[in-house]
Amino acid sequence: SSGINAEYGDSSHAYYLLMVCKLIISVLLLAIVDNVGSVSDGLIHEKDRCISYGFSEDEVHYNIYNAEPRLLEDKAAMNLIKEHCPMYRNQAVCCDPQQLKAFDSKVKLAAALLKACDACWDNFRLVLCQQMCSPDQSTFMEVLEQYPVPGQEYAARSFRTSMTKEYAVKLFDSCSEVQAFGVRAIGSSVPTQTAHTSDY
């Protein structure tokens, strides 16, 4: 899959990745939606059920997987989930080793930038880990767009995520003053907009 490759010593790459982090946080805060129980993707949404698992055959999109989470058996993947998403270690999850390896390659510089505030990074990482690995993934995510992929029927191109108003405010507040290269992680980049919230 395509991704951002940046070295810690390369300030231009670091600045670019900060812009990506800024965009991701903004999008997450604007993607707060009505209760995921009223979705129309045709999948089952309940606890202990995934909505996706692993990359599709084109290694760009995600497999639609609406079944029980799986235990990791790959030792390297187990170490990665312990390092990056420790809240899900030693339990069945909705992410596979390939996803965790891709996450590991992309998240380290983002962590270095956002860890100027531990609370910001912890909250941001929790959102990413929940979306990728939570065993209750289907209770707060839905497939927005499906894409035909050779070798399988459809893969997921995009998702929609629900989060509580309380957590959205917590994430915003914790990251609003974080800066790198003179740029705020969020702050004024998030437009004024009425958002719908849900509990999960």
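Which residue takes a positive phi in the hairpin of β1 and β2?

**Figure 1. The hairpin of β1 and β2 in the predicted model.** E59 is the residue with a positive phi, near 60°. The hairpin has 6 residues between its strands. Strand β1 covers residues 52–55 and strand β2 covers residues 62–64. The two strands pair in the antiparallel sense, over 2 bridges. F55 stands opposite Y62, a residue of β2.

**Figure 2. The whole protein, for orientation of the close-up views.** The protein contains 5 helices and 6 strands. Read from the N terminus, the elements follow the order α-β-β-α-α-α-β-β-α-β-β. The protein has 200 residues, and 44% of them count as buried. Among contacts between residues at least 6 apart in sequence, 64% join residues that are at least 24 apart. The exposed area is about 10,700 Å², of which carbon and sulfur atoms supply 49%.

**Figure 3. Helix α2 and its buried residues.** Helix α2 spans residues 75–84, and its buried residues are A77, L80, I81 and H84. These four lie on the same side of α2 because they cover an arc of only 95° around the axis. An α-helix has 3.6 residues a turn, so residues three or four places apart point the same way. K75 and K82, on the other side of α2, are exposed. The cover over the buried residues of α2 includes α3 (97–114) and α4 (118–133).

**Figure 4. The start of α2.** A side-chain oxygen of D74 comes to within 3.1 Å of the backbone nitrogen of A76.

**Figure 5. The largest nonpolar core.** This core has 27 residues, and those with the most contacts inside it are I81, L100 and C133. At least two residues of the core come from each of α2, α3, α4 and α5 (165–175). Helix α4 gives the most, with 8 residues. In soluble globular proteins, nonpolar side chains tend to be buried together.

**Figure 6. The surroundings of L100 and a separate core.** Neighbours within four places in sequence are left aside here. L100 is then in contact with L72, A77, L80, I81, C95, M132 and C133. Apart from the largest nonpolar core lies another core, of 5 residues. Among them are I51, F140, V143 and A156.

Notes. Residues numbered from 1 in each chain as written. Predicted model: local features only at pLDDT ≥ 70, side-chain atom pairs only at ≥ 80, totals over all residues. Heavy atoms only, no water. Buried < 20%, exposed > 50% of the residue type's maximum accessible area, 1.4 Å probe, protein only. Arc of directions from axis to C-beta. Contact = heavy atoms within 4.5 Å. Polar contact = N/O pair within 3.5 Å; in protein donor to acceptor, adjacent residues only side chain to side chain. Areas by Shrake-Rupley, 256 points an atom, 1.4 Å probe, with all protein chains shown as cover. Core = buried A, V, L, I, M, F, W, Y, C linked by side-chain atoms within 4.5 Å. Pairing = 2+ DSSP bridges.
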